[in-house]
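Here is a friendly briefing to read alongside the model. Have the viewer open and follow the topics one by one.

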Amino acid sequence: MTPLLSVHGITKHYGTHIGCADVSFDLYPGEVMGIVGESGSGKSTLLNCMAGHLAPDAGAVVFDTRTDGPKDTVTMSEPERRMLGRTDWAFVHQHARDGLRMGVSAGGNVGERLMAVGERHYGDIRNRATDWLDRVEIDAGRVDDRPTTFSGGMQQRLQIARNLVTGPRLVFMDEPTGGLDVSVQARLLDLLRGLVRDMGLSAIIVTHDLAVVRLLADRLMVMKSGRVVEAGLTDQVLDDPQHAYSQLLVSSVLQV
Amino acid sequence: MTDYNFAYLDEQTKRMIRRAILKGLAIPGYQVPFASREMPMPYGWGTGGVQVSAAVLTPEDTFKVIDQGADDTTNAVSIRSFFERTAGVETTTDTSAASVIQTRHRIPEEPLKEDQILVYQVPIPEPLRFLEPRESETRKMHSLEEYGLMHVKLYEDISRHGHIATSYAYPVKVEGRYVMDPSPIPKFDNPKLGDMAAIQLFGAGREQRIYALPPYTQVVSLDFEDHPFEASKADQVCGLCGAEDSYLDEVIIDDAGGRLFCCSDTDYCLGRRNAGHQGSSLPGNEVAA
Amino acid sequence: MIELKNVSKTFTLHNQGSAIIEVTNDVSLKVSAGECVALTGASGAGKSTLMRMIYGNYLSQAGEIRIGDVDLVRAEPREVIALRREILGYVSQFLRVVPRVPTLEVVAEPLRAIGIGAEEAEERAQSLLAQLNIPQRLWSLSPTTFSGGEQQRVNIARGFAHSYPAMLLDEPTASLDATNREVVLSLIEAAKARGAAIIGIFHDEAARARVCDREIDVSRFTPKAAA
């Protein structure tokens, strides 16, 4: 089987400071991988390098494109990479306002990616937007409301709908449940799990919340000071961590 | 006339603006940055249009200025007298007699010819601006032809009003490439933008951008398959000249709410009346209220 | 079906002076299809640890753990996940689920994961829940609010939803009343009859005697006087 995403030696420096160093892994279709580590461990830098938001100093991010097979997205042309960003890739920001257009209605937010890939039939766009609002459990009657009138959890679900409407194959998530109430978090996690299973999505989730990765991720990468210190099956890394830092991380979680 | 450079601006500045104009003509619809000068009038009064006019005027030109179609409003009169004084060119209100026409918010009703230049005053040249405030991002969107956002604007219109309610500054796509703001002309004028015999130049003074449409350029108004573009106007007839096909202004004529619809293009209206056409509101023709 | 060869496991506690704890050493065992083997030994002898190693939850330092064609000690995460989805079932003592997901979906999920349609999966889930005497009015609620015994039965229903060719059972009958204990034992017998290889931990001696073909005392794998 060809990996959907194959990351080789991704390195990013900020001056003399290491953002992330020599990270490599393969992600296969349908796999969900979690990246955990404390603030400043380089997990967000890595995510942004992979998603094309940051140019890495070294390394390759090879994506198995629909038309041309595996291609390095670091060296591909910018239009091509941005096109991936609107079609096969999705990016869910921690703060919904970074990923939504707050001045545009919910329907317009969901429809934007469709229009960006050439959809020009208003009725169809609106029907698909409404369908997606329903799938993320937002009342279809709110299709014309702006996200400023939505709660935090609804905004996050709207952001997910907006990202998934073009049927991407790979979703990058940066702390998708951060800043939400626990009850809202649980609902969102359940929703994400269902969507990942039903759409056969692959996902890379950056978070510092070990409970989130236990529920969502098949695999786990533990980062510290820009480097991957341990990687493996999620429950194995969490229940039998091998590296000193992973052990510290796992033992630091408060038991409820 | 020795007090001023010809047409107010110095020769170096005019050359700089002409270079921007030529680049704009070479890449239809592309916004060319230029070093906009301070002009002896406030921004918003047509500083961009005036600089473009100054750069293209020659002593042999005949100059016309219209504001919302009219030759006799403050803005039109001031700019006309500005160039009379600084360039000493002939001025006219007759569309067919003018070689350079500076306009604010209208395209003349009479079809323009190959030896004419139409100069638009533009307040905000960036059609994507209202949805994407970052200039760095809008430039990238233009360069990569990422125009999905433009349709988001139209989508919002339909979702809110049931139809595309944008009635002026209606976005167009030029030669299948650049999306362009045609300046705040009514969408009634949009079909005239395409395939025009005259050169069309757009100047935005405050925003420091020039763009252009060379003669006979393809210009298409954006729309949806199920909500096609319509060049609408008031469903009335000109009360002065009886024209059915021209863009109309609605004028309140008394304190009792009396209204008059008349051609916004004053020269066109006068021409028709001189040719004997009459509307129902002319003295002697009033319909009893 | 399940075969362990010379498997060893140590825990290294980096944050406690790098203490090394040897847990099991040189384990070799084999369970064939249709066979049920009980792990026995005193508390702390390493029964649960060994189970978790066989499930891939704990990392083994040496040896081979073969389930079908896969060696769990060396397998990639995705191979382990595929194995757990299709081949290897595990009924633990504790239920771990996403809050708010209805019981019926929790039980049907292993079937949905192997591509069975929602309707068929739910039918199977309903029949298991009914068999294990979970009142129907609870099926649409999340099991997180259930009593310990109810949670355990939901867990068993989930574990038996898919007919895994290999199963690990950690105290499946603990704290069940006689009726439900009987249901679970019959589920185990049915699994054996269809050819599943089963490894279990049973403190309930009568249950062990009834379903298990052999016993393996894990204390013989415990390193002698190591710690």
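In this predicted model, chain A holds an open sheet of 6 strands with mixed pairing, in the order β6-β7-β8-β3-β9-β10. The notes below begin with that sheet, then turn to the domains and to a pocket.

**The sheet of chain A**

- At the edges of the sheet stand β6 and β10 (227–233) of chain A; each has a single partner strand, so one side of each is left without a neighbour in the sheet.
- On average, neighbouring strands of the sheet are turned by 15° against each other, direction ignored.
- Within the order of strands, β3 (residues 32–36) and β9 (residues 219–224) of chain A pair in the parallel sense, over 4 bridges.
- If you would like a residue to click on, try A:M33, whose bridge partner in β9(A) is A:R219.
- Another chain joins the picture here: helix α2 (residues 77–86) of chain C lies across β9 and β10 of chain A, and this helix of chain C runs at about 20° to β10(A).

**Domains of chains A and C**

- Chain A is divided into domain 1 (1–88 + 168–184 + 200–256) and domain 2 (102–167).
- The centres of these two domains of chain A, taken over C-alpha atoms, are separated by 26 Å.
- In chain A, 12 residues of domain 1 are in contact with 10 residues of domain 2.
- Chain C is divided into domain 1 (1–87 + 164–227) and domain 2 (97–162).
- For chain C, 24 Å separate the domain centres, again taken over C-alpha atoms, and the contact takes 18 residues from domain 1 and 14 residues from domain 2.

**The second largest pocket**

- The second largest pocket offers about 1200 Å³ of space.
- It is lined by 37 residues, and the closest to its centre are A:R82, A:R101, A:R162, B:R134 and B:E137.
- Two chains supply the elements that give two or more residues to this lining: from chain A come α2 (78–86), β6 (89–92), α3 (96–99), α4 (106–116) and α6 (152–164), and from chain B come α4 (135–143) and α5 (148–161).
- The largest share of the lining, 5 residues, comes from α2(A).
- By residue class, the lining divides into 14 nonpolar, 8 polar and 15 charged residues.
- Both domains of chain A take part, as the lining of the second largest pocket draws at least three residues from each of domain 1 and domain 2.

Note on methods:
Residues are numbered from 1 along each chain as its sequence is written. Chains are lettered from A and ligands numbered from 1 in the order in which they are written. This is a predicted model: local features need pLDDT of at least 70, side-chain atom pairs count only at pLDDT 80 or more; totals for chains, interfaces and linings use all residues. Side-chain values use heavy atoms; hydrogens and water are left out. On a 1 Å grid over the protein atoms alone, a cavity is a set of points where a 1.4 Å probe fits but cannot get out, and a pocket is an open set with protein on both sides within 12 Å along at least five of seven lines; lining residues have an atom within 4 Å of a point. Grid points are joined across faces, edges and corners, and a volume is the space filled by probe spheres set on the points. Ala, Val, Leu, Ile, Met, Phe, Trp, Tyr, Cys and Pro count as nonpolar, Asp, Glu, Lys and Arg as charged, and the others, Gly among them, as polar. Domain bounds come from an automatic or database domain assignment. Two strands pair if DSSP finds at least two bridges between them. Axes are lines fitted to C-alpha atoms, for helices over the stretch in contact, and angles run from 0 to 180 degrees between N-to-C directions. Contact means heavy atoms within 4.5 Å.
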